[in-house]
Amino acid sequence: MIRKIGILTSGGDSPGMNAAIVSVARCAAAHGIQLMGIKRGYNGLLGLSDNPMDDITALDIETILNIADMGGTFLRTARCTAFKEADVRREAVKHLRELGIDALVVIGGDGSFTGAMRLCELGMPCVGIPGTVDNDLGYTEMTLGFDTCVNVCVDAVRSIRATSRSHDRRGVVQVMGRYCGDVAMQTAMATGAEMVIVPEMEWSVEEISNRFQELSKQGNYRATCIISEHCWDNMKEIDTWRDYMHQYDPDIHEHSKINAERLASMIQHMSGCETRATVVGYTQRGALPTAKDSAFAFEAGHLAVQLLNRGITNQAIGIRHGRVFHMPIGDALMMKKHFDREMYELINHL
């Protein structure tokens, strides 16, 4: 019999986390279950604050009803490296039981899901809702916050391309995604960008420069290249970039890393095309959730409470064929992310 559920948001914040909290609260209230909000991710389970209310506090409909369409996360979020230790997790479970918490809803990415799975192994029932803008979990078609993130990027790129058309200027736009190129790919497809660079594919500065030059010969002087963070990890070695940058960047040194601004500068000097860089940044994570993300949050929150109330635990909630479903967390984490190479090549060659 579930009488009290805890809920936390962990890892990076993503649009729709608050909507999921509200959905869990509403469904819990409908079943007569008390909801406890755990603050700052798994850190809140460890009782680190001087004031216990700063770690875990009771949530009711009146408290959180108006947060559903807010960005960020009402419960705050943080990474907790100490939670990787088995002894720390055992202390967390002990603390939860002392508070009378029977089960836990965890909203976060792969690291958060791993923590939830470890708690299940210690006898604390958990259900995970995938909250990450990166869309890097292979078992689900979409993670909570991804649709909003892409829409923010699309709006940004459309504005940048408008200025690019006005000035006959090329653009390099960096978006989020960690080690997954889905945000960059979706943004490129939705905006008609002529190039995309993602962590999954090897690439070179020369290839990008040559592509800009080819497009210029075709009369396209405002081409855009969308790059995903961590794409640098799969960049082919190039010794000349430091030679170029020594002339134009006084802060360059032996261990300096290439970034969006330096890539744009290098392309400009290699291709002769004026090129500007833009990093979209945290606007992707702090934006108000789209209808699609909000609806997913509502369904996922409802399903999470239903599963726990029926004694079905250690489950990851996701979307398959457009419908919300669930599967064991361990199986979900083992599923590899599919990368659409055909679509990648289509973007970069048309």
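**Notes on the predicted model: two sheets and a helix pair**

1. Let's start with one residue. Ala156 is partly exposed, because its relative accessible area is 21% and buried would require a value under 20%. Ala156 belongs to helix α5, which covers residues 146–167. Keep in mind throughout that this is a predicted model.

2. Staying with Ala156 for a moment, you can use this residue to get a sense of distance. Between Ala156 and Ala304 there are 34 Å in space, taken C-alpha to C-alpha, and the two are 148 residues apart in sequence.

3. Now to the seven-stranded sheet. Its strands follow the order β3-β2-β1-β4-β5-β10-β11; the sheet is open and its pairing is mixed. At the edges stand β3 (56–59) and β11 (323–328), and each has a single partner strand, so one side of each lacks a neighbour in the sheet. From one strand to the next, the twist averages 30 degrees.

4. Some of the pairing in this sheet can be followed strand by strand. Strand β4 (residues 103–108) pairs with strand β5 (residues 126–130) in the parallel sense, over five bridges. Within that pair, Ile107 has Ile129 of β5 as its bridge partner. The pairing of β5 with β10 is also in the parallel sense and has two bridges; here Val127 is matched with Gln315 of β10.

5. The end of the sheet at β11 is worth a look in your viewer. β10 and β11 run antiparallel and are joined by six bridges, with Ala316 opposite Met327 of β11. The two strands form a hairpin with two residues between them, and His321 in the turn has a positive phi of about 55 degrees.

6. How many of the six residues of strand β10 are buried? Five are, so strand β10 (residues 315–320) is largely enclosed by the rest of the structure. A general reminder may help when you inspect any strand here: in a regular strand, side chains alternate between the two faces of the sheet.

7. The other sheet described here has four strands. It is open, its order is β7-β8-β6-β9, and the pairing is parallel. β7 (195–197) and β9 (275–279) are the edge strands, each with a single partner, so one side of each has no neighbour in the sheet. On average, neighbouring strands are turned by 20 degrees against each other, direction ignored.

8. Inside the four-stranded sheet, strand β6 (residues 170–175) runs parallel to β9, with five bridges between them. One bridge pairs Val173 with Thr278 of β9. Helix α6 packs on this sheet, where it touches β6, β7 and β8 (224–228), and its direction makes about 160 degrees with that of β8. Helix α9 (residues 260–271) lies across β6, β8 and β9, and runs at about 170 degrees to β9.

9. Helix α6 also meets another helix. The axes of α6 (residues 182–191) and α13 (residues 341–349) come within 11 Å and cross at roughly 45 degrees, which means that α6 is oblique to α13. The crossing is left-handed. Met185, Ala188 and Met189 of α6 make the contact with Met343, Tyr344 and Ile347 of α13.

10. Which kinds of residue make up the contact of α6 with α13: nonpolar, polar or charged? The residues there divide into six nonpolar, no polar and no charged. Helix α6 therefore makes a good place to finish a tour, as it both packs on the four-stranded sheet and crosses α13 obliquely.

Conventions
Residues numbered from 1 in each chain as written. Predicted model: local features only at pLDDT ≥ 70, side-chain atom pairs only at ≥ 80, totals over all residues. Heavy atoms only, no water. Pairing = 2+ DSSP bridges. Axes fitted to C-alpha atoms, helices over the stretch in contact; angles between N-to-C directions. Parallel < 35°, antiparallel > 145°, perpendicular 65-115°, else oblique. Left-handed = near helix turned anticlockwise from the far one by under 90°. Contact = heavy atoms within 4.5 Å. Nonpolar A, V, L, I, M, F, W, Y, C, P; charged D, E, K, R; others polar. Buried < 20%, exposed > 50% of the residue type's maximum accessible area, 1.4 Å probe, protein only.
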